[in-house]
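Grab a coffee and open the viewer: here are some short exercises on pockets and aromatic rings. Try each task before reading its solution.

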Amino acid sequence: MTGSGVKTAVEWLASVAPDPDACRWEWERNPLGVALLPAGRRWDVLILPGELGCPTLDVLSRLVTRPGPVLADFGEARTGFFVPPGTAARWLGTGVRSAGRGTWIVVPYPGRVTGGVRWLIPPDGSGALTDASLLELAMHEAAGQLARGQGGQRS
């Protein structure tokens, strides 16, 4: 991610914070390199268990040129896909957690390595998100592959 791309991504992410300047300050000074941001304003997050999340991202990456932002926690136990706001309120998928209006998520500074949560696909600042319908199709395909013992591996 280039310097201007990081700046654009930081501005896009920080724009949802109640105090964007405080958010940027937190990213700069927090030894973990993370900030808490509210979901439900510009994006919701669908959180898949790791055994499904990474294979879903593999399938999704074959369907679209560039998926929206995707987070993974330490050890990739959970994978979070940024989707349009309102998706969390309508989502009915079993085993999938969601973060929408009224919830907060830990977000790392784009382009920096942290000790916990990290970007698998960092935001580019354009506001591009993963289409929830495509994500659902990718989840079904990934679950089918896992059931057949063909789970994909991320490198």
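Rings of Phe, Tyr and Trp (for Trp, its six-membered ring) count as a pair if their centres lie within 6.5 Å. Planes under 30 degrees apart are called stacked, those over 60 edge-to-face, and the rest tilted. Keep in mind that this is a predicted model.

**Exercise 1. Count the aromatic pairs, then work out the geometry of Trp 43 and Phe 82.**

Solution. Start with the count: the rule gives 3 aromatic pairs. Now take Trp 43 and Phe 82, which sit 4.6 Å apart, centre to centre. That is a pair because the cut-off is 6.5 Å. The planes make an angle of 50°, so the label is tilted, the class left once under 30 and over 60 are taken out. Next, place the partners: Trp 43 belongs to the loop between strand 1 (34-38) and strand 2, while Phe 82 is in strand 4, 39 residues apart. Last, check exposure: both Trp 43 and Phe 82 are buried.

**Exercise 2. Which ring pairs with Phe 82 at 5.5 Å, and what does that pair tie together?**

Solution. The partner is Trp 119, again with a tilted arrangement and 50° between the planes. Phe 82 is part of strand 4 and Trp 119 part of strand 7 (residues 118-121), so this contact ties together parts 37 residues apart in sequence. Phe 82 and Trp 119 are both buried. Put the pairs together, and Trp 43, Phe 82 and Trp 119 are linked into a cluster.

**Exercise 3. Describe the largest pocket: its space, its lining and the strands involved.**

Solution. First, the space: about 340 Å³. Then the lining, made of 16 residues, with Ile 47, Arg 78, Ile 105, Val 106 and Val 117 nearest the centre. Strand 2 (44-49), strand 3 (70-72), strand 4 (78-83), strand 5 (97-99) and strand 6 (104-108) each give two or more residues to that lining. Finally, sort the lining by class: 9 nonpolar, 4 polar and 3 charged.

**Exercise 4. Do the same for the second largest pocket, then find what lies over the face of Tyr 109.**

Solution. This pocket's volume is about 170 Å³. Its lining has 14 residues, and those closest to the centre are Arg 112, Val 113, Thr 114, Arg 118 and Trp 119. By class, the lining splits into 5 nonpolar, 5 polar and 4 charged residues. You met Trp 119 earlier, in the ring cluster. As for Tyr 109, look to Arg 112, which lies over the ring face at 3.8 Å from the ring centre.

Definitions and conventions. Residues numbered from 1 in each chain as written. Predicted model: local features only at pLDDT ≥ 70, side-chain atom pairs only at ≥ 80, totals over all residues. Heavy atoms only, no water. 1 Å grid on protein atoms, 1.4 Å probe; cavity = no way out; pocket = protein on both sides within 12 Å on 5 of 7 lines; lining within 4 Å. Points joined across faces, edges and corners; volume = space filled by probe spheres on them. Helix = DSSP H or I, 4+ residues; strand = E, 2+ residues; numbered from the N terminus. Nonpolar A, V, L, I, M, F, W, Y, C, P; charged D, E, K, R; others polar. Buried < 20%, exposed > 50% of the residue type's maximum accessible area, 1.4 Å probe, protein only. Lys NZ or Arg CZ within 6 Å of the ring centre and 35° of its normal.
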